[in-house]
Amino acid sequence: MRSTILASSLFGLTLTGCAATPSEPHADAHGDPQTPTAPPVSERRHKVPLGPDDHPQGGALPLVTVVVYSDYACPPCARTSKVLEHLLEDYGDDLRVVFRSLTVPGFADGERAAEAALAAGAQGQFWAMHRRLFSEPRFDRVTLKAHAEALGLDVPRFLDDLELGAFSALRAQHRRQAISLGIYFGPVALVNGRPVIGYRDEAAWHELLDEEILAARTRMQAGTPRADLYATFQADAGTGPIDLDDEQAEMRRQLAERFPVDINELPADFVRAEAGRRYPVDLLGAPSIGPADAPVTLVVFVDFACPHCRRAAEALRLLPARYPNDLRVVFRHLPLPAHRSAEGAARAAIAAEAQGQFWPFCQRLLTLERPSLGRDTFLAIARDLGLDEARFLADLDGPGAAARVREDMLHARRLGLDSTPAFFLNGRYISGYRDIDALAADIDVELSITKKLQAEGIPRAELITTLLAREGSPLPNPEASN
């Protein structure tokens with residue numbers, strides 16, 4: 001199932017109850033249709049500064065500014081977007097709407113959709129792409145490319161922006177802004193700073209906007225220039241989370257626990273791994289070279305855009321041949337936020353792995369003379385290795401590769417890693433670059449240790465687990481699982 005479905009279930013399930021009252025008509029005791037009245041919106045205003053990266057729609061000098069936090073995979077968000085579109089027609093220059101993305105960390109479809117809108121915005125087509133994303137909630141790259149072509153965008157530039165993560169930082173910034181307001185689910189709109197939680201129909205919105213327009217005109221009569229209205233509303237605004245009812249507050253608590261920060265952000269209590277200590281590194285599902293029962297296992301966390309990882313490529317290539325019977329090398333991904341193209345390269349390597357070419361693909365990525373980690377490079381390597389192109393692209397863009405990268409990143413966080421390359425030699429953490437001779441010396445030390453265990457009668461297949469049982473340390477960040 002696509003990640004949009006999971007994201008929709010997280011958002012949609014909560015949001016059908018998030019609006020303060022149902023918006024659909026119901027029957028009264030006599031069977032006559034009745035439309036319930038939406039409850040009043042809080043008078044409390046919250047600071048929501050506008051920025052140069054925003055793509056406002058509506059009046060340049062509005063009486064009312066609506067900043068809406070929303071997700072393209074969320075059905076109630078789509079309904080709210082349609083209502084706001086109608087309101088922009090109704091209120092003309094008196095209304096301005098600003099969209100901010102509110103994505104779920106790790107759900108690649110929703111994140112890709114948000115970045116697609118921003119990439120289109122860089123070419124002057126934010127709102128046109130915005131409407132397309134809500135009208136057709138499919139966010140695979142083929143569909144997004146079709147949208148870009150239909151809008152007359154510079155398609156290669158658009159695809160490069162997606163592949164290189166040109167707008168991932170801005171998307172993450174939107175989410176951090178939302179979380180600072182206590183917003184973990186959408187749609188939540190702030191109307192001149194006043195929060196509207198969940199979906200409301202047009203009648204409820206008209207009532208609120210008319211009230212805010214009256215307040216704005218009152219300020220203008222008192223001498224506030226129209227151009228300064230939003231600033232004066234914001235001057236009266238406070239900080240801190242928006243007020244929620246008990247059900248909404250419980251949902252916020254659950255989402256905050258499950259998705260506390262973006263995958264690229266480190267929690268405030270993050271503890272780094274300590275060099276020289278042994279930690280239990282999860283090897284399940286990770287690609288490896290060498291015998292499964294080797295007395296020495298070297299796990300390496302790599303970022304394909306990291307120059308130090310590129311320097312380590314020779315050691316990763318030659319060490320298995322130097323220790324053909326005694327060494328197993330295991331590869332895990334850790335694309336760093338500073339390298340926007342690294343996550344795409346990791347997914348490309350996983351796509352190559354599905355066709356049995358993981359290690360050759362990795363070596364090609366790590367030994368490029370002029371590293372350009374974009375889609376064209378990935379395809380060129382795939383062709384040279386004789387991969388099925390259609391399958392490669394489907395796996396590159398599919399949810400499986402994104403999930404694999406996320407799992408590796410989460411495990412790296414639990415281990416206390418925030419830099420690459422990171423080596424674990426029989427669980428013993430080695431921080432930073434080591435050349436082949438230095439790593440070989442470390443391997444020889446581990447071999448001497450495991451030989452002593454073998455002399456005690458420990459079976460070869462149990463050497464490392466025995467060593468970790470005797471000397472291993474708990475993970476530095478055992479709770480950092482999200």
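Is Gly344 buried or exposed? Select it first. Gly344 has a relative accessible area of 0%, so this residue is buried (buried means under 20% relative accessible area, exposed over 50%, partly exposed in between, with a 1.4 Å probe and protein chains only).

A word on the model: it is predicted, local features need pLDDT of at least 70, side-chain atom pairs count only at pLDDT 80 or more, and totals for chains, interfaces and linings use all residues. Residues are numbered from 1 along each chain as its sequence is written, and side-chain values use heavy atoms, with hydrogens and water left out.

Next, select Gly374. Its C-alpha is 7.6 Å from that of Gly344 in space, and the two are 30 residues apart in sequence.

Now show the helix that holds Gly344, which is α13 (helices are DSSP runs of H or I with at least four residues, numbered from the N terminus). Add α16, residues 389–397, to α13, residues 342–353: their axes come within 8 Å and cross at roughly 135°. Axes are lines fitted to C-alpha atoms over the stretch in contact, and angles run from 0 to 180 degrees between N-to-C directions. The two helices α13 and α16 are therefore oblique to each other (under 35 degrees is roughly parallel, over 145 roughly antiparallel, 65 to 115 roughly perpendicular, and the rest oblique).

For the contact (heavy atoms within 4.5 Å), select Gly344, Arg347, Ala348, Ala351 and Ala352 in α13, which meet Phe392, Asp395, Leu396 and Asp397 in α16.

Last, go to Ala403 in helix α17, residues 399–415. Ala403 has 34% relative accessibility and therefore counts as partly exposed.
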